[in-house]
Amino acid sequence: MQNNMLVTVISTGYFILCFLIPLGYLFLFARYKSKKKNYGRAFIIALIMFLILFGIKEVVKENFLNVKPLNCYLNKVCEEKEDEDKMDENKSEKATKTTTSSSTTTTTSKVVKNEKTYEKVKEISGTKTDKGKTSKGYSIYEINGVTFVDGYLIANKSYFLPESYVPDNTYTKADGNAAKQCPTCIENTAYQAFKDMKADAAALGLNIYISSGFRSYITQSNIYNRNVTNNGQEKADTYSARPGSSEHQTGLCFDLNTIDSSFANTSEGKWVNQNAHKYGYIIRYPKGKTEETGYIYEPWHLRYVGTELAEKLYNNGNWLTIEDYFGITSEYSE
Ligand SMILES: [Zn+2]
């Protein structure tokens, strides 16, 4: 909450500065320069100043995707904007959904009775290459270089995605060359489930939004390299995925709201932890499971698996990991 306030103050302040500095220049120009004033040139200079200042904001947005709390604020704006466009197209559909969700919501207990079943995402098409069994006896295989276990796509520190992998059938078309994350380039089934979840949360006065969704291999590569430069590889590996090993390239996951451990203690964070599985989502990197997942606790990172598996992994609130459930590892080979 405090984070959000701080971010709003900083970014609003910066936005005002973008205007104030060029205007201040014009003011001083008009006031102090006496001979042969070239107002046209002064105006162009002021305009360039504005564009540069505004440009800096865009550069920061582009290059500091993982910087919190900047990330949350900047991407929140972009997610909601893109979403609005889509919502206009689906107004009638949305109206029906809202009615359904409110009738199935128990406002008193903040628990949603969602009886809907959300199917798991279909495997990609291509030739299967058998890779044997996991330590818990599940079949493991590759399709076009992408690893699946028992029909679920796996991307972690042991199982990398090919550089060229771009999910299809996403809500907004995913671009493999995009240099920034796309909050709505989420696999269609998963995105519809998210919309239901968002609507049900909203009916309880909670605001959940995607702050980082699909990231292309290139985007992840930029983020990872920057984190290594800033914090060293060992530290970076605990929170930032090497390109190819990020789930964000799958289009099946996203980060919610504030990408900060404090999210777990917000009303939204608590609700998500208790209810996400009803929409087929799991807390992908649960608390105390770093040994299994290879990542620190990320209460904000949700992965879509469908309600059947999500229910099992939810495990009455004592989250299991994909790695533990299927008997696979998540470790870099070097
Ligand atoms: Zn994430």
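This section describes the fold, the sheets, the core and selected residues of a predicted model.

The protein has 334 residues, of which 37% count as buried. Its secondary structure comprises 11 helices and 10 strands. Among contacts with a separation of 6 or more, 70% are made by residues 24 or more positions apart.

The average pLDDT of the protein is 84, and 80% of the residues score at least 70. Two stretches with low values can be named. Residues 65–69 stay under 50 in pLDDT, and the model has 16 contacts for them beyond four places in sequence. Over residues 71–109 the pLDDT is likewise below 50, with 49 contacts in the model beyond near neighbours in sequence. Where pLDDT is low, the predicted coordinates should not be read in detail.

One open sheet consists of 4 strands in the order β3-β4-β5-β6, and its pairing is antiparallel. Its edges are formed by β3 and β6, each of which pairs on one side only. On average, and with direction ignored, neighbouring strands of this sheet are turned by 35° against each other. Within the sheet, strand β4 (residues 139–143) pairs with β5 over 4 bridges in the antiparallel sense. At this pairing, I143 stands opposite V146 in β5. The two strands β4 and β5 form a hairpin with 2 residues between them, and N144 in the turn has a positive phi of about 50°.

A further hairpin follows in the description, that of β5 and β6. These strands pair in the antiparallel sense over 3 bridges. Residue V149 stands opposite Y152 in β6, while F148 has L153 of β6 as its bridge partner. The hairpin of β5 and β6 has 2 residues between the strands, and D150 takes a positive phi near 50°.

Another open sheet of 4 strands has the order β7-β8-β10-β9, again with antiparallel pairing. Here β7 (210–212) and β9 are the edge strands, each pairing on one side only. Neighbouring strands of this sheet are turned by 45° against each other on average, direction ignored. Strands β8 and β10 run antiparallel and are joined by 3 bridges. Residue D255 has H301 in β10 as its bridge partner.

The largest nonpolar core contains 53 residues, and the members touching the most others are I186, A190, A276, I282, L302 and Y304. Several helices and strands each supply at least two residues of this core: the strands are β5 (146–149), β6 (152–154), β8 (253–256), β9 (281–283) and β10 (301–304), and the helices are α5 (188–203), α10 (307–314) and α11 (322–326). Helix α5 provides the largest share, 6 residues. For A190, the contacts outside its neighbours within four places in sequence are with V121, L252 and Y304. Of these partners, Y304 is also listed among the core residues that touch the most other members.

Helix α8 (residues 267–275) has E268, G269, V272 and N275 as buried residues. Seen down the axis of α8, these buried residues fall within an arc of 155°, so they line one face of the helix. An α-helix has 3.6 residues a turn, so residues three or four places apart point the same way.

Residue E119 is placed in the loop between β2 (111–112) and β3 (128–133). It counts as exposed because E119 has 11 C-beta neighbours inside 10 Å, and the cut-off for an exposed residue is 12 or fewer. Leaving out residues up to four places away in sequence, E119 touches T189 and G306. In addition, E119 and Y279 lie 9.5 Å apart in space, C-alpha to C-alpha, although 160 residues separate E119 and Y279 in sequence.

Technical notes: Residues numbered from 1 in each chain as written. Predicted model: local features only at pLDDT ≥ 70, side-chain atom pairs only at ≥ 80, totals over all residues. Core = buried A, V, L, I, M, F, W, Y, C linked by C-beta atoms within 7 Å. Buried ≥ 20, exposed ≤ 12 C-beta atoms within 10 Å, placed from the backbone. Contact = placed C-beta atoms within 7 Å. Pairing = 2+ DSSP bridges. Axes fitted to C-alpha atoms, helices over the stretch in contact; angles between N-to-C directions. pLDDT = per-residue confidence, 0-100. Arc of directions from axis to C-beta.
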